[in-house]
Amino acid sequence: MARYDRAITVFSPDGHLFQVEYALEAVRKGTLAVGVRGKDTIVLGVEKKSTAKLQDARTVRKIVKIDDHICLAFAGLTADARVLVNRARVEAQSYRLTLDEKVSVDYITKHIAGIQQKYTQSGGVRPFGISTLIVGFDALGAPQLYQTDPSGIYSAWKANAIGRNSKTIREFLEKHYVETSGRDTIKLALKALMETVEAGGKSVEVAVMEKDTGLRILSDDEVDALVKEVEAEKAAADAAKAAGRARAAAAREAAAAV
């Protein structure tokens, strides 16, 4: 193996590009990011990195705008993300200047994935150590959610997670995803984050994109209020289940007595 992981352009005998797999491992160690697509709303939620006491937290962002109608969240190496985001922004503005129309989510996703793929087959470079979740609305107003990987693969999703504990979150979303709208979509994203993160305004950042109002980053107070609402709903559901089990047990005892 050691002979095949020193150059990005060399395949191992069993068909692996180890540098690409190492880049995917960097993504898996990155802070968590979740994307959920609703009927009229798209939500991105990310786990905030802890910041130093004297550091300005506003300068540490995991959710960024590519254009007025397109937003991106990432997991992995922040410095790599900065380079890729800047190139995507330049392409979006170039598209607007050349064609006099907004770039589509599908186009910018293919562009980002294309850059990532180029860095897997050129000598003297290394793959980007990030995965991205790209969201926005298409020309017909339909919400879109895409994911790209360091290998250059991209795909569309209804809901997905990248970064640390993403497998656990993806399994949660597979069980609980239903196409919702508005506030319910935000709460579903928060519920997913709360599976592995102690959710709150200080530990979670949430961005909501709607067709009419565009991108909106929720304040810490708004996040805290939503977390309390989700926790109250969960407590009520647990209490209802407990009451149901108690009634069922009482019914069985009554039947046995007869």
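At what angle do helix α2 and helix α3 pack, and how far apart are their axes? That is the topic of the first close-up, and the other views move on to the sheets, a second helix pair and an aromatic pair. Bear in mind throughout that this is a predicted model.

**View 1. Helices α2 and α3 pack together.** Helix α2 covers residues 78-99 and helix α3 covers residues 105-118; they pack at an angle of about 135°, with their axes 10 Å apart. The two helices are therefore oblique to each other. As for handedness, α2 and α3 make a right-handed crossing. To find the contact, look on α2 for L84, R87, A88, E91, A92 and Y95, and on α3 for Y107, I108, H111, I112, I115 and Q116. Sorted by class, the contact of α2 with α3 has eight nonpolar residues, along with two polar and two charged ones.

**View 2. Five strands, β3 to β7, make an open sheet.** The strand order here is easy to remember: β3-β4-β5-β6-β7, with antiparallel pairing. At the edges stand β3 (63-67) and β7 (154-156), each with a single partner strand, so one side of each has no neighbour in the sheet. On average, and ignoring direction, neighbouring strands of this sheet are turned by 25° against each other. As background, strands of a sheet pair through backbone hydrogen bonds, in either a parallel or an antiparallel way.

**View 3. Strands β5 and β6 run antiparallel.** Zooming in on this pair, β5 takes in residues 130-137 and β6 takes in residues 143-148. How many bridges join them? There are six bridges between β5 and β6. For one pairing to look for, start at F137: the bridge partner of F137 in β6 is P143.

**View 4. Another open sheet has five strands in the order β8-β1-β2-β9-β10.** The numbering jumps around here, but the pairing is antiparallel. The edge strands are β8 (159-162) and β10, and each of them pairs on one side only. Neighbouring strands of this sheet are turned by 15° against each other on average, direction ignored. Helix α4 (residues 166-176) packs on the sheet, where α4 touches β1 (33-37) and β8. The direction of α4 makes about 170° with that of β8.

**View 5. Strand β9 pairs with β2 and with β10.** Strand β2 (residues 41-47) pairs with β9 over seven bridges, in the antiparallel sense. Within that pairing, T41 has E210 of β9 as its bridge partner. Strand β9 (residues 204-210) is also joined to β10 (residues 214-217) by four bridges, and β9 and β10 run antiparallel. Which residue of β10 stands opposite V208? That residue is R216. Together, β9 and β10 form a hairpin, with three residues between the two strands.

**View 6. Helix α4 packs with helix α5.** Back to α4, this time with α5 (residues 183-193) as its companion: the two pack at an angle of about 140°, with their axes 9 Å apart. That angle makes α4 oblique to α5. The crossing of α4 and α5 is right-handed. Where they meet, α4 brings I169, F172, L173 and H176, while α5 brings L188, K191 and A192. The contact of α4 with α5 divides into five nonpolar residues, one polar and one charged.

**View 7. F18 and Y22 form a stacked aromatic pair.** The structure holds three aromatic pairs, and this view picks out the one formed by F18 and Y22. Their rings lie 6.4 Å apart centre to centre, with 25° between the planes. Both residues belong to helix α1 (residues 18-28), and because they are four residues apart there, about one helical turn separates F18 from Y22.

Methods
Residues numbered from 1 in each chain as written. Predicted model: local features only at pLDDT ≥ 70, side-chain atom pairs only at ≥ 80, totals over all residues. Heavy atoms only, no water. Pairing = 2+ DSSP bridges. Axes fitted to C-alpha atoms, helices over the stretch in contact; angles between N-to-C directions. Parallel < 35°, antiparallel > 145°, perpendicular 65-115°, else oblique. Left-handed = near helix turned anticlockwise from the far one by under 90°. Contact = heavy atoms within 4.5 Å. Nonpolar A, V, L, I, M, F, W, Y, C, P; charged D, E, K, R; others polar. Phe/Tyr/Trp six-rings, centres within 6.5 Å; stacked < 30°, edge-to-face > 60°.
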